[in-house]
Amino acid sequence: MFQTCATAARLVLDAVLPPLCLGCSEIVEAPGALCATCWQRFAFVAPPYCERCAYPFAQDLGQGALCGACMARPPRYRRARAALVYDAQSRRLVLPFKHGDRTDIARACGAWMARAGAELLAEADVVAPVPLHWRRLFTRRYNQAQLLARIVVRRMLPPSRARLAPDLLRRRRWTGSQTGRRAKERRDNVRRAFEINPRWAAEVASKTVLLIDDVLTTGATVEACALALQQGGARHVDVLTLARVVRPTI
Ligand SMILES: [Zn+2]
Ligand SMILES: [Zn+2]
């Protein structure tokens, strides 16, 4: 009830107050926009990049070029794309959205993701968010990946045949936080943590699944999801995230 009132109050305020920049709260022309200064400060992920994981390259290495990490250990997913580089600037967008009730940020971010992942969306049969464990869902109240998946599917241009499957994957067990764990530890921690919800099993076999998450860090979580989907017969698994960590050297 309180939440409904708060949402209604926010809608009323949104209608009477001027729209504010999502990055710095300056007044902008339209809701969900960035001011010119913030627009320049945000690092959007753009080619040239690794064909597999979209790790940005300083120079164009030609079509199909892979980064060192993907060559050394090919990821389970086919391709991963992200809208933003995860840095001090984009953290200011991601954190309030992740831990607060800022669904207005999700709307803008979903639109950027739909653009960054246009190629992936065009080929997807099913779009599914990385699930939260119910314990975390309880404290956060909503799954930010699910919210993004909904917006991305709505924002697809041209509209694609992909179907949103909000509960396609389930967490089998509580894996705790991935923060502070090294890549190998993250992989071990989440291995076999996910399973396909039986009611979606027929939607996975021989299909191309697009996984949605907020931030791609080491990729351990989405790879664990990809493993579950591949065991369920998925033909391809692609990944689209709002932001991705870009380490200076890999
Ligand atoms: Zn701004
Ligand atoms: Zn790569």
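In this predicted model, the 4 donor atoms around the zinc ion (ligand 1) subtend angles of 105 to 116 degrees, which makes the arrangement tetrahedral. For orientation, the ideal angle for four tetrahedral donors at a metal is 109.5 degrees. The protein donors of this zinc ion (ligand 1) are the SG atoms of C21, C24, C35 and C38, and they lie 2.3 Å from it. Along the sequence, these donor residues follow the spacing C-x2-C-x10-C-x2-C. Both C21 and C35 are found in the loop between helix 1 (2-16) and helix 2, so this pair ties together parts that are 14 residues apart in sequence.

A second site is built around the zinc ion (ligand 2). Here the coordinating atoms are the SG atoms of C50, C53, C67 and C70, at 2.3 Å. The site of the zinc ion (ligand 2) is tetrahedral, with angles of 105 to 115 degrees among its 4 donor atoms. The sequence spacing of its donor residues reads C-x2-C-x13-C-x2-C. Of these donors, C53 sits in the loop between helix 2 (36-41) and helix 3 (68-72), while C70 belongs to helix 3 itself, so the two tie together parts that are 17 residues apart in sequence.

The loop between helix 2 and helix 3 also deserves a look for its backbone. Most residues other than glycine have a negative phi, and most peptide bonds are trans. Against that background, P47 and P48 are joined by a cis peptide bond, with omega at about 5 degrees. P48 is placed in the loop between helix 2 and helix 3. A54, which is not a glycine, has a positive phi of about 65 degrees, and A54 too is placed in the loop between helix 2 and helix 3.

Further along the chain, attention turns to a pair of helices. Two packed helices are described by the angle between their axes and the distance between the axes. The axes of helix 5 (residues 103-116) and helix 8 (residues 144-155) come within 8 Å and cross at roughly 50 degrees. That angle makes helix 5 oblique to helix 8. The crossing of helix 5 past helix 8 is right-handed. On the side of helix 5, the contact is made by T103, A106, R107, C109, G110, A111, M113 and A114, and helix 8 contributes L147, L148, I151, V152 and R155. Sorted by character, the residues of this contact between helix 5 and helix 8 comprise 9 nonpolar, 2 polar and 2 charged.

Terms used:
Residues numbered from 1 in each chain as written. Chains lettered and ligands numbered in written order. Predicted model: local features only at pLDDT ≥ 70, side-chain atom pairs only at ≥ 80, totals over all residues. Heavy atoms only, no water. Axes fitted to C-alpha atoms, helices over the stretch in contact; angles between N-to-C directions. Helix = DSSP H or I, 4+ residues; strand = E, 2+ residues; numbered from the N terminus. Parallel < 35°, antiparallel > 145°, perpendicular 65-115°, else oblique. Left-handed = near helix turned anticlockwise from the far one by under 90°. Contact = heavy atoms within 4.5 Å. Nonpolar A, V, L, I, M, F, W, Y, C, P; charged D, E, K, R; others polar. Donors = N, O, S within 2.8 Å, 3.2 Å for Na, K, Ca; no water. Tetrahedral: all angles 85-135°; square planar, octahedral: opposite > 155°, others 65-115°.
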